[in-house]
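Got the viewer open? Load the model, set it to cartoon, and follow along stop by stop.

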Amino acid sequence: MSTEPGLFIGLMSGTSLDGVDGVLLESAPGTPPRLLAHAARAFPAGLRAEFLALNTAGFDELHRSALAAQQLADLYADVVATLLRDSGVSAASVRAIGAHGQTVRHRPDLGYTVQINAPALLAERCGIAVVADFRSRDVAAGGQGAPLVPAFHRAVFAVAGADVAVLNLGGFANLSLLFADGSTLGFDTGPGNALLDHWTQRHLGQPYDAQGAWAAGGAVRADLLAQFLADPYFSRAAPKSTGRDDFHPAWLERHLSAHAAQASPQDVQATLAALTAHSVAEALRRAMPGVCELVICGGGARNTDLLRRLQQALPGVTCRPSDHSGIPAEQVEAAAFAWLAQQTLLGLPGNLPAVTGAAGPRVLGAVYPA
C-alpha cells in the first residue's frame, strides 16, 4: 500500500440542492490532508427543480434521471476544470475524483439508496479515474449508507483527550461524535436547511434565508415545535439516517394544518430553525454528554441565527464553524469524498460499522478508470 501523498478531487452536491462544491486535496494515509483549491457552481434553476421532482414518483423517471445525470456530470466536469486551472495541476497528476452524485431517494429500510450520477461520462470528460456510488455497499451490508463522513472528521478534527462533535448542517443535519478514547459514532439528527429553504422560497421568493435573518425576527411557536419533535424519527436509536423521504413539504403541511390560523409564515420559519437547533442539541446531549466542542460545517454554518440558537441550546459547549479548525465550512463534505476516493483506491474501508450499522468494514464505491 502506497503511503506517498497523492492528489484527489472531491465533488459534493448535497440535499440542500444549492449546487456543487469541489476541492483538490493532497492526502496520504495516516497524515492530515491538505486543501489545495476549491471551486463551486450553483445549480441552474431547471436542474434544481428536476432533482426536487425526482425525489417523488413521477412520469418517465428513468429518462429524466438519465438526462439530469448528464447535466450534473457537465457541472462536475466544469468544477474539475476550474480546480485544475486554478491550482496549475494537470489531470494526469490526479489519482481519482470522488463524485458523490445527487441523492434523490434514500431508503435503507428497504435496502436501497439512489444517487443520480454519470461517473463514466465524468471520467471520459476529465481523463481522470472516478470513484462513485459510495453508499450502496454499506447498505448492502445492512447499514444505513450514511453518514459516511465521520471517519474523515476524526482524521481532521479530533482533539487528543477531548470529546469533540462535528455537525454537518446541509439540507439535513448529521453528527460525528469523536470520543476522547478514540471511538467514533455518528448519525443524522433530522432536518438542517431543507425545510427552512423550502419555506423561504415559498414566502419570500429567495433561495434561502440569508444568515437566518427572517427566522431571527419571528417567534417560536412552542406548540408547533412540540408537534414537529413528536415525529418518531427523533426518538429512534442510532444507527439512523434520513432525508427528503422523511421530512418534506407535505410533512410540514400536515403539521401546519392545525396551526395555520395562529402561526404567521415568519413564526413558522423561526419554529423550523428551532426544530433544527433543538433536535441537534438534544441528540448531542444524549449521545455525548461530555462534549466540549461542536465543530460546524456545511452551508448552515453561515446561518448566524442557527448558530446562535445552537449555542443557546448548548451552554458550556464551544460552537464554531470548521474554518477555525483549518477547513472552510463549505469545503468539508467535498474533502471527505476526496478522502473516501483515496480509501477506495487503497482497498481500505470507508465506512464505520458503529456509525452506519453495517455488518462490518467495507471498501466503498465503484471505480471508473480514466
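The tour starts with the whole chain and then moves to individual residues.

**The whole chain.** Keep in mind that this is a predicted model. In cartoon view you should find 14 helices and 13 strands. The radius of gyration is 20 Å, close to the 21 Å from the globule rule for 370 residues, so the protein is as compact as a globular protein of that length. Turn it along its principal axes and the C-alpha trace spans about 60 × 50 × 40 Å. Now think about contacts between residues at least 6 apart in sequence: 69% of them join residues at least 24 apart.

**The surface.** Switch on a surface. About 14500 Å² is accessible, and carbon and sulfur atoms account for 54% of that. Underneath, buried residues make up 55% of the 370. Colour by charge next: there are 25 positive and 31 negative side chains, and the centres of the two sets lie 2 Å apart.

**The aromatic cluster.** Show the aromatic side chains as sticks; the structure holds 8 aromatic pairs. Select F247 and W251 to begin with. How are their planes set? The ring centres are 5.0 Å apart and the planes sit at 75 degrees, past the 60 degrees needed, so the pair is edge-to-face. F247 is buried, at 1% relative accessibility, and W251 is buried too, at 2%. Now add F228, Y233 and F234 to the selection: ring pairs link these residues with F247 and W251 into a cluster.

**Two cis prolines.** Stay in this stretch of sequence and pick P239, in the loop between α9 (232-235) and α10 (249-256). The peptide bond leading into P239 from A238 is cis, with omega near 5 degrees. Then jump back to P147, in the loop between α4 (136-140) and α5 (150-157). The bond from A146 to P147 is also cis, and omega there is near -10 degrees.

**Two positive phi values.** Go to L17, in the loop between β1 (6-12) and β2 (19-27). Phi of L17 is near 60 degrees, a positive value in a residue that isn't glycine. Is L17 buried or exposed? It has 2% relative accessibility, which puts L17 among the buried residues.

For the last stop, select Q211, in the loop between α6 (194-204) and α7 (213-216). Phi of Q211 is likewise positive, near 60 degrees, and again the residue is not a glycine. Q211, though, is exposed, with a relative accessible area of 55%.

Key:
Residues numbered from 1 in each chain as written. Predicted model: local features only at pLDDT ≥ 70, side-chain atom pairs only at ≥ 80, totals over all residues. Heavy atoms only, no water. Helix = DSSP H or I, 4+ residues; strand = E, 2+ residues; numbered from the N terminus. Rg over C-alpha atoms; globule rule 2.2 N^0.38 Å. Buried < 20%, exposed > 50% of the residue type's maximum accessible area, 1.4 Å probe, protein only. Contact = heavy atoms within 4.5 Å. Areas by Shrake-Rupley, 256 points an atom, 1.4 Å probe, with all protein chains shown as cover. Lys, Arg positive; Asp, Glu negative; His and termini not counted. Charge placed at Lys NZ, Arg CZ, Asp CG, Glu CD. Phe/Tyr/Trp six-rings, centres within 6.5 Å; stacked < 30°, edge-to-face > 60°.
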